[in-house]
Structures are given as C-alpha cells and as structure tokens.
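Hi,

Here is the structure I promised to pass on. Have a look at it first, and then read on for what turned up when I went through it.

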Amino acid sequence: ISAMGYRADEAQFKRWWPASLQLIGKDILTTHTVYWPTMLKAMDVPMPETIFAHGWWLIEGSKMSKSDGNVVNPMDLAEKYGVDAFRYFLLAEMVLGQDAGFSEEAFVRRYNTDLANDLGNFVNRIMKLIASNCGGKVPSAGELTEPDNALRDAALNAVRTMEEAIDKMRLDLGLGAVSAVLREANRYLEKRQPWALAKAADPKPLHTVLYTSVETLRIISGLLYPTMPDKMTALRKTLGFPDKAPTISELSRWGGTEPGIEIGEMTSLFPRILTPKAEAGGPADKAPAKGAPAPAGVVEVEYADFAKLQLRTATILQAEKVEGADKLLRLQIKVGEEARQIVAGIALSYKPEELPGKTIVIVANLKPAVIRGVESKGMLLAASQGGQLRLITVDGDLPPGAVVK
C-alpha cells in the first residue's frame, strides 16, 4: 500500500485483504515490494505461500534503468493513448514471471491490430447493419449454420481458456484467446456476408448473423472488462447490455443477449493510431498511379519467371517455438494430402496457439532449407508494413493444396 502511495488504517487494510484473496487466490500474491511481509506480520495476517512477481521490462534488450536513462514514464503513455489501451498492451505483451521487451512501436502495432482493426471494425460493421436493417434493435436468431456454431464455440472456448489462464497466472494467454475470437469473428462476417444477406427476401439468415455477432461481442466485452473497464463499459452500454460488471457464469452461457434490445449511437472506441509517415501522407501511404513505372529499387520480372513459383493453400495443424530463436515458429502444415514442416519468422506477431486451423498461402516448390537445425519445406506468405505483420490467407473455404493464381 505504501509503495503505491496509498494510506489506510488497520480496519481498512483488513477489509481489503480478504477481498484480494478472493480475487487472486489464497496462495498467490502479485507484488513488487518488500514491505508486504512486514505489514502482514504486524497485523497477524497469514503470510502468502507464494509471491508472484513480474519480470523486467526491457528497452532494446536492456533493462529499464534510471541510471541508463531509458525509463519510460507509463503515465505519459497512458495520457497519450488511454489507460485502458495501455493496460491491455502490458497484460497481453508480458508473460508474468519473465522479462518482456517494450517499445512504443510495439504498442502502436498491437493497438492498431487487436483493438482498432479486429475489435473496432467488427463492432462498427455490426452496428451499421443493425441500424440500417433492424431498426436499431438486436434481432432474434434463426437456425444456426456451421459458421454460426463455429463462432459460438470459439467464443465459449475463450471463456474456458481465460479461466485457466487466470489460474495459471498467464493473462497473456487469456487475452490471446480473446484476440483469436475477434479474428474468427471478422472471418465469420466474410464467410456469411451479411451485407449480401440484407438484400435477400428472407431476413432470418441476416438476423442470425447479427444476433450471433452481438452475442459474441457480449462475451468478448465481458472477458476484456477487467483489463479495459472504461472502454468495455462504454461498448456494453452502446450494445444495450445491463450496466453492471459481467460475471464468468454469465459469459459461460450462450444466448445471454435479449432479442429486441436497442443499440445506442455508434462511437469510435479505438481510433486508429497513425504513424508520423501516415499522418504526413508519405510515399509509403500512396499507391502508384496506374501505368506508372515501377518504384525505384523494384526489379521487374517476366511472367515466365513468376510462373515458376507454385503457390498453394495450406492448413496449419500445429505450431511451436523454435528453441533458442525468438522470432521463429515451427509449423506442421497440410498441403493437399501431404504433411509438411516449415519454419517461419512470425513469432513476434503470432502466438503458437493462435495458428492451428488457419488456411495460409505457401511457396510449395521452394528448395528445402535447414534453419536453426530445423528442416523447412516451403515458405509462407505474409504482408508487413511499419513493423506490423499479417499472414496471407484466403477469402472463404478452400481445401489445402488449392492452386493460388
């Protein structure tokens, strides 16, 4: 308490202590100060059996230190980007008990990817469709199709993952599961295409998609509520959910959204953060004019050279880190009926548990190579800009081994 600048008398402290035990477990105390044992001993409060402390935050591989002058003031970043977003980054980026690297660039990348793109875009799409097609009220769901059931199962599985992650003090894995659901939710909209369903005579398929999406947002916003209470309270209020803190039991049940509830006005919870180059409209943000020559430094090739590459779809079966390599993941993939192994430098952008089930694009006829002692048969395709990296995937369902033209 004293280390955080708070003051409390003995009665206040004893009221707080049992609540903390209920919150984080009877044998675990998250702390980063040596004052706790003395305080607990003085009050005859049982000592914790385990003290769980986080690791060091690193700047370019070096520990933050006042003497080195590389300390980042968290208050400055919280004021610049918002407390909720900054808290989300810290919890999602660090594995508790281990060191973690920090940079403002990494923060902006995760913010734009997880919050502005995946969550923000999904919310905006759904709210626009409900406002324009359902009079601003959440419709009832009809019969669920396979994609609807898949999104439902992913959302409920994220609840179970979050519970397990909290028990193991791996909050990063819990938040990673939520991020995976958001990506699945955006893919779900691409599969179901509610904007096309809105033109059909039967409104039920559209209503099912919209209800399934809102129900998914109910669960996602509940799982993110402890990390981003202000932003998630605003989102839940906008979607018409009760103005109270969600419980894990409520999130574990599908169908908690009452049909007919009225959504509020749209709001931009997480406006995209523009880099200085993007704000200035630099060359990297402008597409070349049609028919213009290739940019300097780009080598033009003949079609015959390009045709030598065999691009195929592949399904990721398993993923794990390559020992001793921070950036590399070992992927077990399926290409047609063939099982392969490839090594990819995507570990800074994707966690292994996020990848199984993804359909990616690979260069199938690349000569095998040995990377860090691991054989790699092929190379996946990804796009990157400004430190952000995303896998190239396909639009819709295609079997592994399909030709990419």
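Among contacts in the chain between residues at least 6 apart in sequence, what percentage join residues at least 24 apart? The figure is 66%. Please keep in mind that this is a predicted model. The chain has 405 residues, of which 39% count as buried, and its secondary structure comes to 13 helices and 14 strands.

**The five-stranded sheet**

Let me start with the open sheet whose strands run in the order E8-E7-E6-E9-E12, paired antiparallel. E8 (338-344) and E12 (379-380) are at its edges; each has a single partner strand, so one side of each is left without a neighbour in the sheet. As a reminder, strands of a sheet pair through backbone hydrogen bonds, either parallel or antiparallel.

Going in from the E8 edge, you meet E7 (residues 329-335), which pairs with E8 in the antiparallel sense over seven bridges. Two of the pairs are easy to find on screen: Val335 has Glu338 of E8 as its bridge partner, and Lys334 has Ala339. The hairpin of E7 and E8 has two residues between the strands, and Gly336 there takes a positive phi near 65 degrees. Although E8 is an edge strand, it is mostly covered, with five of its seven residues buried.

Further along is E6 (residues 311-321), which runs antiparallel to E9 and is joined to it by five bridges. To find the register, look for Arg312, which stands opposite Ile362 in E9. On to the E12 edge: E9 and E12 are antiparallel too, joined by two bridges, and the partner of Val363 in E12 is Met379.

How many residues of strand E9 (residues 359-363) are buried? Five of its five are, so to speak, under cover. In a regular strand the side chains alternate between the two faces of the sheet. In E9, Thr359, Val361 and Val363 point one way while Ile360 and Ile362 point the other way, and all are buried.

**The three-stranded sheet**

There is also an open sheet of three strands, in the order E4-E3-E5, and here the pairing is mixed. Its edges are E4 (62-63) and E5 (100-101), each with a single partner strand, so one side of each has no neighbour in the sheet. E3 (residues 57-59) pairs with E5 in the parallel sense over two bridges, and Leu58 stands opposite Gly101 in E5.

**H4 against H5**

Two packed helices are described by the angle between their axes and the distance between the axes. For H4 (residues 83-93) and H5 (residues 104-133) the angle is about 100 degrees and the axes are 10 Å apart. Angles of 65 to 115 degrees count as roughly perpendicular, and H4 and H5 are therefore roughly perpendicular to each other. H4 makes the contact with Ala85, Phe86, Tyr88, Phe89, Ala92 and Glu93, and H5 with Ala106, Phe107, Arg110, Tyr111, Asp114 and Leu115. Sorted by class, the contact has nine nonpolar, three charged and no polar residues.

**H6 and what follows**

H6 is worth a look for its length. At 1.5 Å a residue, its 22 residues should span 32 Å, and the end C-alpha atoms are 32 Å apart, which agrees. Which residues of H6 are buried? They are Asp148, Leu151, Ala155, Leu156, Ala158, Val159, Met162 and Ala165. An α-helix has 3.6 residues a turn, so residues three or four places apart point the same way. What covers the buried residues of H6 includes H7, helix H9 (204-224) and helix H11 (248-251).

After H6 comes Met169, in the loop between H6 (146-167) and H7 (171-192). Met169 has a positive phi of about 55 degrees although it is not a glycine. Is Met169 buried or exposed? Buried means under 20% relative accessibility, and Met169, at 11%, counts as buried.

Gln193, in the loop between H7 and helix H8 (194-197), is another non-glycine with a positive phi, in this case about 45 degrees. At 32% relative accessibility, Gln193 counts as partly exposed.

Cheers

Terms used. Residues are numbered from 1 along each chain as its sequence is written. This is a predicted model: local features need pLDDT of at least 70, side-chain atom pairs count only at pLDDT 80 or more; totals for chains, interfaces and linings use all residues. Side-chain values use heavy atoms; hydrogens and water are left out. Two strands pair if DSSP finds at least two bridges between them. Helices (H or I, at least four residues) and strands (E, at least two) are DSSP runs, numbered from the N terminus. Buried means under 20% relative accessible area, exposed over 50%, partly exposed in between (1.4 Å probe, protein chains only). The expected span of a helix is 1.5 Å times one less than its number of residues. Contact means heavy atoms within 4.5 Å. Axes are lines fitted to C-alpha atoms, for helices over the stretch in contact, and angles run from 0 to 180 degrees between N-to-C directions. Angles under 35 degrees count as roughly parallel, over 145 as roughly antiparallel, 65 to 115 as roughly perpendicular and the rest as oblique. Ala, Val, Leu, Ile, Met, Phe, Trp, Tyr, Cys and Pro count as nonpolar, Asp, Glu, Lys and Arg as charged, and the others, Gly among them, as polar.
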